[in-house]
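Reader: Please take a close look at one part of this model, the surface where protein meets DNA. I would like the contacts with their distances and the cut-offs behind each term.

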Number of protein chains: 2
Amino acid sequence: MRMSEGVEWAMHSCINLSWLDPDEAMTAARLAAFYELPPAYLNKQLQALARAGILSSTPGPRGGFRLARPLERITLLDVVTAIEGPGEAFRCEQVLRKGPVGREDVDYRKACFVSQAMRQAESAYRKELAAQTLADVRAKVERHIPDTPEVTRAWFARRRS
Amino acid sequence: MRMSEGVEWAMHSCINLSWLDPDEAMTAARLAAFYELPPAYLNKQLQALARAGILSSTPGPRGGFRLARPLERITLLDVVTAIEGPGEAFRCEQVLRKGPVGREDVDYRKACFVSQAMRQAESAYRKELAAQTLADVRAKVERHIPDTPEVTRAWFARRRS
DNA sequence: GGGGCCCTACTCGGATACCCGCTGTCCGAGTAACCCAGG
DNA sequence: CCTGGGTTACTCGGACAGCGGGTATCCGAGTAGGGCCCC
């Protein structure tokens, strides 16, 4: 069970976007250069965030991505769902159906107690993700490394050329 | 993010084993026939359980698998770890290191606040898995469908040939 | 000088290869049971 | 009849293909901006 690398990229990208001028869009290429990531692939992840309504995208010159809503209203679960999709990790394949006690008219994805137990654990996971917003994470960064926003802004300003 | 199919098989197999005579081992092939699963592949999963110390295996005629300890002492986390491995789903690739504020002497798998937030959520997930034993699941099955143990035993007895 | 049109360059967006890990299969090492011959 | 050895068949165990999804890339559609021509 391995989570996509894009989740990490997406979260850092959103936090970075919150530190920049909201009046101008940020290019996927420049955002990729910031962390030395493959530009086209980061673009793909940002597209997913845009489809999910977390970012808004504008094509053409002076185009790019920007936050569609403040970081206080973006949970970690929003980002994970946008990148990984809405499907759950544990997917009951209903092996009970094929067994001697199985019945065709029962949906074992809900009836099977193994499935229920796994869903309960995964529910706790999602609840924990939903309880944390990107603003919470950003606050911790600004608290422990206060010059990060300014350094980030300066880096993008110098690379404006 | 998708969990291996083998986790579901492993849990049902362990519960089934608890219903059978502990004095005789159960073949992977017969266990696979019970749910119409690929015998060799189920065998592979049971091997993983044996390596983790959840099952004990004996080769040769009259061989097979049996529970190494009672279901009360097998948590869902034990099974998941045995099949999926000990690695976490979210793996911080330390993108911060490549950024302008990154430092070579910092382990961002622990220092990065994004990573910390994700680890916190995953910790809640694992905690929930560790809180449930296979005996708890078995108890719910026996409570709601009481004849399951007997039907299971009868099926394997008839298929003893 | 001002306005409108065209051209250019830039960005996202989706379509297209590549690669690793899960899925599935096969054959060999090892062993317990059985059979048979000898005492 | 009892015992010991050889043979057989059965099981796990790991090594070997196949395939799907994540990873990475490229090119086209669309647009904003700038330059140029005309009024």
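Author: A polar side-chain atom of Gln47(B) lies 3.1 Å from a base nitrogen of DNA strand D; a polar contact here is a pair of N or O atoms within 3.5 Å, and within protein one atom must be able to donate a hydrogen and the other to accept it, with residues adjacent in sequence counted only if both atoms are side-chain atoms. Two further contacts of strand D go to phosphate oxygens: one is 2.9 Å from an N or O atom in the side chain of Tyr41(A), and another lies 3.4 Å from a polar side-chain atom of Thr27(B). The elements that give two or more residues to the surface near DNA strand D are α3 of chain A and, from chain B, α3 (39-51), β1 (55-58) and β2 (64-67). Helices (H or I, at least four residues) and strands (E, at least two) are DSSP runs numbered from the N terminus. The largest share of this surface, four residues, comes from α3(B).

The model is predicted, so local features need pLDDT of at least 70 and side-chain atom pairs count only at pLDDT 80 or more, while totals for chains, interfaces and linings use all residues. Residues are numbered from 1 along each chain as its sequence is written, chains are lettered from A and ligands numbered from 1 in the order in which they are written, and side-chain values use heavy atoms, with hydrogens and water left out.

In total, 24 residues are around DNA strand D, and Ser4(A), Tyr41(A), Gln47(B), Arg51(B) and Ser57(B) come nearest. A residue is near a strand if one of its heavy atoms lies within 4 Å of it. By class, the surface near strand D has ten nonpolar, nine polar and five charged residues. In this count Ala, Val, Leu, Ile, Met, Phe, Trp, Tyr, Cys and Pro are nonpolar, Asp, Glu, Lys and Arg are charged, and the others, Gly among them, are polar. Of the atoms of strand D within 4 Å of the protein, 58% belong to sugar or phosphate and the rest to bases.

DNA strand C is surrounded by 25 residues, the closest being Gln47(A), Ser57(A), Phe65(A), Ser4(B) and Tyr41(B). Here 61% of the strand atoms within 4 Å of the protein belong to sugar or phosphate, and the rest to bases. A base nitrogen of strand C is 3.3 Å from an N or O atom in the side chain of Asn43(A). Backbone atoms take part as well: an N or O atom of Gly60(A) lies 3.1 Å from a sugar or linking oxygen of strand C, and a polar backbone atom of Glu5(B) is 3.2 Å from a phosphate oxygen of strand C. The elements that give two or more residues to the surface near strand C are α3, β1 (55-58) and β2 of chain A, together with α1 (5-19) and α3 of chain B. Of these, α3(A) gives the most, with four residues. The classes near strand C are ten nonpolar, ten polar and five charged residues.

α3 of chain A also meets another helix. The buried residues of α2(A) pack against α1, α3 (39-51), β2 (64-67) and α8 (148-158) of chain A; buried means under 20% relative accessible area, exposed over 50% and partly exposed in between (1.4 Å probe, protein chains only). Six of the eight residues of α2 (residues 28-35) of chain A are buried, so this helix is largely enclosed by the rest of the structure.

How values were computed
Contact means heavy atoms within 4.5 Å.
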